[in-house]
Amino acid sequence: MGDEVAAQTLRWRLWVPVAFGAGAAVYFALRVEPPLWPLSLGAVVAFAAWIAARRRGWARRLTWPLLMMACVAGGLAAAKVRTEMVAAPIAPAMSEPTVIEAWVVDVDSPGQRGARIVIAPVWVRGLTPDQTPMRLRATVRGEPPKPGEAIRLFGILNPPPAPASPGAYDFGRNAFFQGMGGVAFALGETRPADLAPPPWRLRLAMAVNGARYALAERIVARLGERTGGIAAAMTTSHETWISQEDMDVMRDSGLAHILSVSGLHMAIVGGFVFFAVRLGVAAWPWLALRVHGKKVAAVAGLTAVGVYLVVSGAPPPAERAAITASIAFLAILLDRQAVTMHGLAVAAFIVLAIQPEAIVTPGFQMSFAATAALVALVEAWPKRTREISAPWPILAIQRFGGWLTAAVAASVVAGLATGPFAMQHFNRTAMYGLLANLGTSPVADFILMPALAIGAALEPMGLGGPFLAIAGWGVDLMLAIGTWTAGLPGAVRTVASAPDYVLPIAFLGVLFVCLWQGRLRWLGLPLAAAVLVWPRAPTPDLWIGDGGTNAAFHREKQAVVVRPGVREFAVDLWSRRRGLTIMDRPETGWACERFSCRPEAEQVGPVAIWWGRKAPGPDQMEALCRAAPVISVRAVVTSIPRACHDRLLLDGIDFAKGGAVELWRVSPSETGRWRAVWTADVRGDRPWARQPNPDVSDSGA
């Protein structure tokens, strides 16, 4: 025990970003927004205490806990400062459609209702300039307008969406830190607008995004919509041309991570450029004698990472991956080892200092858990004995066997490290993901990504055709492998989410296994498996979505959806989070009309819903209340008939305050006894959860 503790002498500092991230996570877990000054003061006092203890020469067993407490306090303060820095106007939920004039900043990934674009609004009818969001995500009809165009659209404007159910992933929080102040849905075709010239920063962003989108169009034109759409997504992050069928195949086979520009892509592109330049320098004796080949290659790799970051549109996962790759190349320039746990710790600390909100995102959690596991594998991997003399066939077999063993080990380790996060956040486990990734890894690493990088670099000059053709072959092979594995029996397993406090336990277990040196590291395995083995809370009997426009109830491990096809995304998120499979409401046993749907008997279903914007009449309310123990009404109910007195009635006021709701029946023998958990209660009073309601004048509307 003492020897293992002594072996951690140079490893204690690795826990600095862990403690810093823990502080940021505590900030995001709060239900009430804290003031800035206590957090800042606490961080200053904590760091001052640690510095004073160091100067007094205190032992590490005393200074290390002080450092950890200081880092926790620093993470709390940094998250609060970041929130204050990015705070921007959030769109209100306007009761009537409005007119928006804006610049098209970028083309976003398509949604279920059509193409989506990111716009910078210049004028929104009914909002003053200080109420106008900086950015909006708009769903448009037909082909999306290109970056740099000035458009005018008539549509519905709302704040960013709240979680689909209490405790689910908060898309509104993610939008808040990306400067996305609302979502718009166009009710007609977008039209050109005559706007004043935008600020230079916006012009620059639109010019870069316009070049990215033009490159994506050229790739699609070269390879076709199916193959080129995936190649374009891997290059520029534009998923406009990927069909839902291909997206499902990639997810069910465990290959969806290839579509998102992240650490894998940065490592392949940066590594390919590094080794290509180093080989080129070594192959030119005159140059090899005059420059440091390894450092020249590191500069080239660093440049390639920066260029790829710009071409990809710099999404948050790509930014984090670029920082990590840059640390590795800078280590080479400083004559340090490139891939080390200390380098990863520095990268994690920089990412969290710049973007503390990353700690609660699945991408950061999975990326750094996988990278830490792979670095730990490299540290523990036995050193290969170099042969003095051996025939080349034997050497070839040995090298291939070593590569295959390393590839399998890396895939297994990375999969185990990211497994808890995939289960908790996505509730989807690709059972044959290891098989699919092993099959596609050689293609993606050595053929697809290098050819795609060269082809994308040469395509603006019209010379990328041959390389893009090779990349297209790799994409087709990857799709074939993905389609085959996704079609195997039991390819996907749905796992219910564990309680929220379980994931930090698993994260700590994964990190302890990776960061600790010695046999005691295996004490972290039970913690790492917490998400898998932790008992699940009882499944809600009923879920009603935000606004009360749809509902689903639990019956025999299935989520029976009252209105199939309505708010499918929210229904899918809730059902998967609870480990349920979706089942459409039976046609028989339900009385459904234009604005309502109710069971013909309470045994058929526990809820009756009314989704009309106007409140139901007395007779309609009477019918709803006689049909089910829970009544959901989208509008505000002003008159409650006697039949509703022993029922649970939720109307527009409840949904406006609480959002989506989960209900548990307290006692089947007691009518009207339900326990409710609302989304707003779990979210708390936070800046990204507040929905402004400005005084919109009639003249402005």
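## Helix α8 and its cover

In this predicted model, the buried residues of helix α8 are covered by elements that include α7 (225–236), β7 (428–430), α17 (465–486) and β8 (492–494). The cover named here therefore includes both helices and strands. Helix α8 itself spans residues 244–252, and its buried residues are D246, M247, V249, M250 and D252. After α8 comes G254, which has a positive phi, near 80°.

Helix α17, one of the elements over α8, also holds T485. This threonine has a relative accessible area of 1% and is buried. Leaving aside residues up to four places away in sequence, T485 is in contact with S253, Y432, L435, A436 and A491.

## Helices α3 and α4

Helix α3 covers residues 36–55 and helix α4 residues 60–86; their axes come within 8 Å of each other and cross at roughly 155°. Because of that angle, α3 is roughly antiparallel to α4, the cut-off for this class being over 145 degrees. The crossing of the two helices is left-handed.

On the α3 side, the contact is made by L36, L39, S40, G42, A43, A46, F47, A49, W50, A53 and R54. On the α4 side, the residues are T63, L66, L67, M69, A70, C71, A73, G74, L76, A77, K80 and V81. Sorted by class, the contact of α3 with α4 comprises 17 nonpolar, four polar and two charged residues. The charged residues are R54 of α3 and K80 of α4. Among the polar residues are S40 and G42 in α3, and T63 and G74 in α4.

## Helices α12 and α13

A second helix pair is formed by α12 (residues 316–333) and α13 (residues 341–354), with axes that come within 9 Å and cross at roughly 140°. The crossing of α12 with α13 is right-handed. From α12, the residues in contact are R320, I323, T324 and I327. From α13, they are G343, L344, V346, A347, I350, V351 and I354.

By class, the residues in the contact of α12 with α13 are eight nonpolar, two polar and one charged. The charged residue is R320 of α12. The polar residues are T324 of α12 and G343 of α13.

## The two disulfides

The model has two disulfides by the distance rule applied. Counting bonded cysteines along the chain, their pattern is 1-2, 3-4. One of the disulfides joins C592 to C597, with 1.8 Å between the sulfur atoms. C592 is partly exposed at a relative accessible area of 35%, whereas C597 is buried at 1% relative accessibility.

The other bond links C625 and C644, with an S to S distance of 1.6 Å. The torsion about this S-S bond is about 85°, so the disulfide is right-handed. C625 sits in helix α22 (residues 618–627), and C644 in the loop between β16 (630–633) and β17 (648–650), so the bond ties together parts 19 residues apart in sequence. Both cysteines are buried: C625 has 0% relative accessibility and C644 has 4%.

## Cysteines outside the disulfides

C71 and C514 are not part of this pattern. C71 is in no disulfide, and the nearest cysteine sulfur to it, that of C514, is 19 Å away. A disulfide requires sulfur atoms within 2.5 Å. C71 is buried, with a relative accessible area of 3%, and is one of the α4 residues that meet α3.

C514 is likewise in no disulfide, and its nearest cysteine sulfur is that of C71, 19 Å away. C514 counts as buried, at 5% relative accessibility.

## The loop at A390

A390 lies in the loop between α14 (362–380) and α15 (392–426). With 28% relative accessibility, this alanine counts as partly exposed. A390 and A232 are 158 residues apart along the chain, and their C-alpha atoms are separated by 45 Å.

Terms used:
Residues are numbered from 1 along each chain as its sequence is written. This is a predicted model: local features need pLDDT of at least 70, side-chain atom pairs count only at pLDDT 80 or more; totals for chains, interfaces and linings use all residues. Side-chain values use heavy atoms; hydrogens and water are left out. Axes are lines fitted to C-alpha atoms, for helices over the stretch in contact, and angles run from 0 to 180 degrees between N-to-C directions. Helices (H or I, at least four residues) and strands (E, at least two) are DSSP runs, numbered from the N terminus. Angles under 35 degrees count as roughly parallel, over 145 as roughly antiparallel, 65 to 115 as roughly perpendicular and the rest as oblique. A crossing is left-handed if the near helix is turned anticlockwise from the far one by less than a right angle, and right-handed if clockwise. Contact means heavy atoms within 4.5 Å. Buried means under 20% relative accessible area, exposed over 50%, partly exposed in between (1.4 Å probe, protein chains only).
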